[in-house]
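This report looks at how the nonpolar interior is assembled and at the backbone of two loop residues. The sequence and structure are shown first.

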Amino acid sequence: MKYLLALVLLLAACGGATSGVPAATLPPEARNAPDRVAAEGHTYILRSDLYSDLMPGPAPTPRRGVGGTIFLRADVASDAPQGLRAEKIWLIKGAESWETVPQPVQTFAADRVNHLSLGITDGPTWDAGAKVDVVLQFSVAGRAYLIQQRGVQVMGAF
């Protein structure tokens, strides 16, 4: 019990947990997710811009991890289907994986090509240049879908 209390106090002192966790629960079908998905009259592809934040923070801030923007892009410009939402994102590098719940990215106007624009932060501390597979789980009309973009290069951000 005293170890649990020490862990809780440590997390509180550090400001809580990061936005994602190592994905011990990576679904087997995630590694084989398609790169195109047909849903509600649209064909979707995934486009990802990932970066590794190389800027040091104030001491004793730990090194920041991979972050980026992920777009679920429709085949034709149109309004997004009603109820379209992102549920989870996995970043996969070889045998390593990381899971998070993406946050919507606000845009100035309705984006009729990118039906979902999502942000992730505080991922694993993979170096710039790493090749990563990005898997998005999204749902629309009560049905869940997995879509993947393979071999996304992590860029260095200064």
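## The largest nonpolar core

In this predicted model, the largest nonpolar core comprises 28 residues, and those with the most contacts inside it are L50, L72, L91, L136 and F138. The elements that give two or more residues to this core are the strands β2 (37–39), β3 (42–53), β4 (66–74), β5 (85–93), β8 (114–120), β9 (131–140) and β10 (143–157). The largest share, five residues, is supplied by β9. In soluble globular proteins, nonpolar side chains tend to be buried together.

## Contacts of L136 and a second core

Leaving aside residues up to four places away in sequence, L136 touches L46, L72, A86, K88, I89, L118, Y145, L146 and I147. A second core, separate from the one described above, consists of seven residues, among them A33, W90, I92 and V135.

## Positive phi values in two loops

E40, which lies in the loop between β2 and β3, has a phi near 50 degrees, a positive value in a residue other than glycine. With a relative accessibility of 49%, E40 counts as partly exposed, because the exposed class begins only over 50%.

A141 is placed in the loop between β9 and β10, and its phi is likewise positive, at about 55 degrees, although A141 is not a glycine. The relative accessibility of A141 is 57%, so this residue counts as exposed.

Note on methods. Residues are numbered from 1 along each chain as its sequence is written. This is a predicted model: local features need pLDDT of at least 70, side-chain atom pairs count only at pLDDT 80 or more; totals for chains, interfaces and linings use all residues. Side-chain values use heavy atoms; hydrogens and water are left out. A nonpolar core is a set of buried Ala, Val, Leu, Ile, Met, Phe, Trp, Tyr and Cys residues joined through side-chain atoms within 4.5 Å. Buried means under 20% relative accessible area, exposed over 50%, partly exposed in between (1.4 Å probe, protein chains only). Helices (H or I, at least four residues) and strands (E, at least two) are DSSP runs, numbered from the N terminus. Contact means heavy atoms within 4.5 Å.
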